[in-house]
Amino acid sequence: MAYEDSDGGVVGAAGGTGAEPGASDSLRTFGAFLQALREHTGLSREEFGELVRFSKHTVASIEQGRRMPDRDFVERAEELLGNTGALRKAAPHLTRQAGLASWFRQWARLEAQAATLWTYECRVIPGLLQTERYARAVTESVPPVKDEEQVTKQVAARLERQQLFERRPPIAFSFIIEQALVERGTGGPDVTRELLDHLLERSSRFNVELQIMPRYQPDHAGLDGPVRLAETPENRWFGYAEGQRGGMLISDPKEVSITLQRYARLRSQALNSEDSRGLLKQLRGAL
């Protein structure tokens, strides 16, 4: 079963090869190389962090292979550590941590560098908007049965991607979700109440637009399923399609254009941001 959330695969997904993702050796290798270069210059993690404008804890996470370095980090580290080009050339080949399915990693790399991310979801709350308890409820609900270690790993992988909300320069996010997803009650009333509070908090951010697709919408552009789009810093658009047993990156300009047209239509059909927040508050008050 490859179904994870609405934002990518996790351990246990088949995705064509049928193989689970292994440990992210590329991240650990990159981190070890970065640490060696930093130590060669005589900089502590704290000193290095100040110079690249990231915390020492972020530097430690990257050096230990636990975090994907973003573009700004790579560029600043490259300039500080000799400008050899090694870090810059290695960065595009990094894969995410264990917990993300192999077929999702290509999209995850693109997502980490994106200037714009658009998501329409009709199955489950997008992973970037999930709370920990909601993510756990989703993970535990979908067969096959998982042990506690598997559940913890999958939830952690999903939540780590939410660091994208803190990235600088900021990403322009747009989410369209079906009203039924917040009314389904996944995990029970307490989980739903927490989820609604979280959605209201996220949607209050300057770079996040959240729209609700109402239950009654006879003219609906999303009947073929979820829509996901990313714009690169070079202003090229990519799409991503995901099913229960795999995912596919969409790069053909004609196919991407169709996906963009569908998303634009969905935006016009969904409630606007203000009305969407009003509906979320109404649902929250009813619990």
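At what angle do the axes of helix α10 and helix α12 cross? Keep that in mind for the first of these close-ups, which come from a predicted model.

**View 1. Helix α10 meets helix α12.** The answer is roughly 155°, with α10 covering residues 189-203 and α12 covering residues 273-286. Their axes come within 10 Å. An angle over 145° counts as roughly antiparallel, so that is how α10 runs relative to α12. As for handedness, the crossing of the two helices is left-handed.

**View 2. The residues between α10 and α12.** From α10, look for R193, L196, D197, L199, L200 and S203. Their partners on α12 are R277, L280, K281, L283 and R284. It's a mixed bunch: five nonpolar residues, five charged and one polar.

**View 3. The largest nonpolar core.** This core has 34 residues, and I125, F173 and L199 are the ones that touch the most other members. Several elements chip in two or more residues, including α6 (102-113), α7 (132-141), β2 (172-178) and β5 (237-243). The top contributor is α10, which gives five residues.

**View 4. Zooming in on L199.** Which residues is L199 in contact with, leaving aside its neighbours within four places in sequence? They are I125, L129, I177, V182, L210 and L280. We've already met L280 as part of the contact between α10 and α12.

**View 5. Another core, set apart.** Away from the largest core sits another one, made of 16 residues. Among them are V52, M68, A77 and L87. In soluble globular proteins, nonpolar side chains tend to be buried together.

Notes. Residues numbered from 1 in each chain as written. Predicted model: local features only at pLDDT ≥ 70, side-chain atom pairs only at ≥ 80, totals over all residues. Heavy atoms only, no water. Axes fitted to C-alpha atoms, helices over the stretch in contact; angles between N-to-C directions. Helix = DSSP H or I, 4+ residues; strand = E, 2+ residues; numbered from the N terminus. Parallel < 35°, antiparallel > 145°, perpendicular 65-115°, else oblique. Left-handed = near helix turned anticlockwise from the far one by under 90°. Contact = heavy atoms within 4.5 Å. Nonpolar A, V, L, I, M, F, W, Y, C, P; charged D, E, K, R; others polar. Core = buried A, V, L, I, M, F, W, Y, C linked by side-chain atoms within 4.5 Å. Buried < 20%, exposed > 50% of the residue type's maximum accessible area, 1.4 Å probe, protein only.
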